[in-house]
Amino acid sequence: MNEPEGIDEMLGHKAGRTIAVIGLSENPAKPSHYVSEYMQRQGYKIYPVNPSIDQVLGEKSYPSLASLPIKPDVVNVFRVPSLIPAIVDEMLMLGLHHLWVQQGIVNLDAAARAEQGGIHVVMDRCIMVEHRMRQ
């Protein structure tokens, strides 16, 4: 978990990088919004996953990972630690391989289960901060 190589892989500069953002808010003052907006400006395609909104940052919002039209390269999570196990379950079911859990959100049991299932995990790190450090 949180190995530099894994972080570099998730932030790779290949064209067409896609990030599903679980818990993306419409509120510009919330980290999920401004972090996702930053990643969008850096050329990443954002797929909001939030069943309570129709769209955000000019993108259609989806109720779940299973409802996305693509398999995202990275699943970026802005939800409370108690919800991480269900996200891991859905990722395992869908065959998704990269889980990024934002800074301040930690569930070590869910991270261990994800890694046992073949999912690379970055936890308690901000994707925007890590991206900026690599520029």
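Helices here are DSSP runs of H or I with at least four residues, numbered from the N terminus. The views below come from a predicted model.

**View 1. Helix 3 at the lining of the largest pocket.** Helix 3 gives the largest share of this lining, three residues. The lining adds up to 13 residues, and those lying nearest the pocket centre are Ile-22, Val-49, Pro-63, Arg-79 and Ile-87. Sorted by class, you get eight nonpolar, three polar and two charged residues. As for volume, the pocket comes to about 170 Å³.

**View 2. The largest nonpolar core, a set of 23 residues.** The members that touch the most others are Leu-65, Val-75, Val-77, Ile-84, Ile-87, Met-91 and Leu-99. At least two core residues apiece come from several elements, among them strand 1 (18–22), strand 5 (74–77), helix 3 (84–94) and helix 4 (108–116). Helix 3 chips in the most, with four.

**View 3. Zooming in on Ile-84 and its contacts.** Skip the neighbours within four places in sequence, and Ile-84 is in contact with Val-77, Arg-79, Val-101, Ile-105, Asn-107 and Ala-110. Elsewhere, a second, separate core holds 21 residues, including Ile-7, Tyr-38, Ile-53 and Met-128.

**View 4. Helix 2 (residues 31–41) and what covers it.** Ser-32, His-33, Val-35, Ser-36, Tyr-38 and Met-39 are the buried residues of this helix. Their cover includes strand 1, strand 2, strand 3 (55–56) and helix 5 (127–133). Just after helix 2 comes Gly-43, with a positive phi of about 100 degrees.

Note on methods. Residues numbered from 1 in each chain as written. Predicted model: local features only at pLDDT ≥ 70, side-chain atom pairs only at ≥ 80, totals over all residues. Heavy atoms only, no water. Core = buried A, V, L, I, M, F, W, Y, C linked by side-chain atoms within 4.5 Å. Buried < 20%, exposed > 50% of the residue type's maximum accessible area, 1.4 Å probe, protein only. Contact = heavy atoms within 4.5 Å. 1 Å grid on protein atoms, 1.4 Å probe; cavity = no way out; pocket = protein on both sides within 12 Å on 5 of 7 lines; lining within 4 Å. Points joined across faces, edges and corners; volume = space filled by probe spheres on them. Nonpolar A, V, L, I, M, F, W, Y, C, P; charged D, E, K, R; others polar.
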